Amino acid sequence: MITTTKRLGAVAVALASVTALTVILSPAASAAAPLRDLAAAKGRYFGNSMTAGDFNDSAYRALNAREAGVVTPGNEMKWDATQPSRGNFTFTRGDQVVAGAVAANQKVRGHTLVWHSQTPPWVQNLSATDMRSAMVNHINTVMGHYKGKVFAWDVVNEAFAEDGTRRQSFWQQKLGDGYIADAFRIARAADPTAKLYYNDYNTDGIGAKSDGVYNMVKAFKEQGVPIDGVGLQAHLIVGQVPSTMRQNMQRLADLGVDVAITELDIRMRTPADSAKLAQQARDYTAVVNACLAVARCVGITTWGLSDNHSWIPGVFPGEGAALPFDGNLQPKPAYDAMVSAFGNVPTTTTTTTTTSVPGDANCRVTDTINAWNTGLTSSITVTNTGTAPIDGWSLAFTLPGGQTITSGWNATYSPTSGQVAARNVSYNATLAPNASVTIGFQANHTGNTAAPPSFTLNGSACTTA
Ligand code: XIL
């Protein structure tokens, strides 16, 4: 048994002892259009996070220049970098990132002014009055320095807790609820041309935390607090892209703000293997499609381009491989997936399973999915691998979130989402040993075009990917 993942124009990789056969065809990959151009053709930007040090790696610098139209400094504009001690502003490293970006004809997103993290102790220990004046001075001085050079700022970063209440940071505890609105008002005055963003993580799909952000933005709009956008960091996990990402971005956009995906990476347990990389490619596709489906989603920034320039392994032990290029700066399936998604080229994913599983399996399932932006077809072949005929069958599987069956053939499907049973029709009720039946359906999706992870036939597990 082997697993093969093939990129057009790339070498097939064979790994022993893995059991599924996956072929991903990305027609646009061979065109190798840089993401910045493909995104621009869709009225979006594609961005990347760069540290000042990243510009010293010439191959990586070239990759960044080729792929990204926007750069976010990884650390260089944070408080600890720009004002390490009171009144002592240092812009050297931030300026290096701006210079590197300008040299590559890239715009710069500013990150970030008011945050509980990477902010020196001297700020955290101030009295309330003093802290407020330090915040005003910091926003004025940093935004003043970068006026005309930074087109958008993450004014406030990560101010919500997971349950949707305010994070009990030193800002919140000393200054109270009003500090975020304050920061936005000060920022607007400091640089009226910059777009002002609220930015956070775990706010990508609909949930308690994103509800908190949504309600704050709604209140800001009602009260005339100047906010232009919401950044969704999107530090995601392979196979767990929230199915409500598009809806979440749309509801924010409907409040009258732009939305941006600001720090995208999709991590996995390392080492990577072809199945995880294939899933990651589907996940990147889902994120790009979600953004493209929302008119006010202005762009996508990945937090690094290649797996050797990622914060993930340092912060999430045992995890990594989260970015579209590998450590040798070679494109991964995730890169091709983004090229296809931005280029609006349907990606065809074929998953053929030839695995034997222990137990009483008497069936083998092959599922072939053809997906486009909002829809897919699934063609499922069921083979009776047992020695007895099967008389009357029900194939059970769970559709990935966001998929809803709109029509089907050669079986009846019920319900149309979630845990589905596909039951035989009169003319294919009997399945002799070694005989196969092919059934299929068409479904809508919201970005997740994966096949169901497993199938059972009359209650017993089929061999499956
Ligand atoms: C990360 C940087 O990439 C690391 O180099 C640094 O050690 C920690 O911060 N959310 C954010 C970013 O808003 O600023 C963080 O960047 C990643 C999580």
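Before I show the first pair of helices, one convention is needed: a crossing is called right-handed if the near helix is turned clockwise from the far one by less than a right angle, and left-handed if it is turned anticlockwise. Please also keep in mind throughout that what we are looking at is a predicted model.

With that convention in hand, let me begin with helix α6, residues 128-145, and helix α8, residues 179-190, whose axes lie 9 Å apart and make an angle of about 35°. The crossing of these two, α6 and α8, is right-handed. On the α6 side the contact is made by R132, M135, V136, I139, N140 and M143, and on the α8 side by Y179, D182, A183, I186, A187 and A190. If we sort the residues of this contact between α6 and α8 by class, we find nine nonpolar, one polar and two charged.

The second pair is helix α9, residues 208-223, with helix α10, residues 245-253, where the axes come within 10 Å and cross at roughly 15°. Since angles under 35 degrees count as roughly parallel, α9 and α10 are therefore described as roughly parallel to each other. Here too the handedness can be given, and α9 passes α10 in a right-handed crossing. The residues that meet are S210, D211 and Y214 from α9, and N248, R251 and L252 from α10. By class, this contact of α9 with α10 has two nonpolar, two polar and two charged residues.

Let me turn now to the strands. There is an open sheet of five strands, which are arranged in the order β20-β21-β18-β24-β25 with antiparallel pairing. At its edges we have β20, residues 412-414, and β25, residues 460-461, each of which pairs on one side only. Further in, strand β18, residues 394-398, runs antiparallel to strand β21, residues 419-423, and the two are joined by five bridges. To pick out one position, F397 has V420 in β21 as its bridge partner.

Finally, a single residue, A39, which sits in helix α1, residues 35-41. Is A39 buried or exposed? Its relative accessibility is 0%, and because buried means under 20%, A39 counts as buried. Leaving aside residues up to four places away in sequence, A39 touches R44, Y45, F46 and F342. One further distance involves A39 and E67, which are 28 residues apart in sequence, while their C-alpha atoms are 10.0 Å apart in space.

Note on methods:
Residues numbered from 1 in each chain as written. Predicted model: local features only at pLDDT ≥ 70, side-chain atom pairs only at ≥ 80, totals over all residues. Heavy atoms only, no water. Axes fitted to C-alpha atoms, helices over the stretch in contact; angles between N-to-C directions. Helix = DSSP H or I, 4+ residues; strand = E, 2+ residues; numbered from the N terminus. Contact = heavy atoms within 4.5 Å. Nonpolar A, V, L, I, M, F, W, Y, C, P; charged D, E, K, R; others polar. Pairing = 2+ DSSP bridges. Buried < 20%, exposed > 50% of the residue type's maximum accessible area, 1.4 Å probe, protein only. Parallel < 35°, antiparallel > 145°, perpendicular 65-115°, else oblique.
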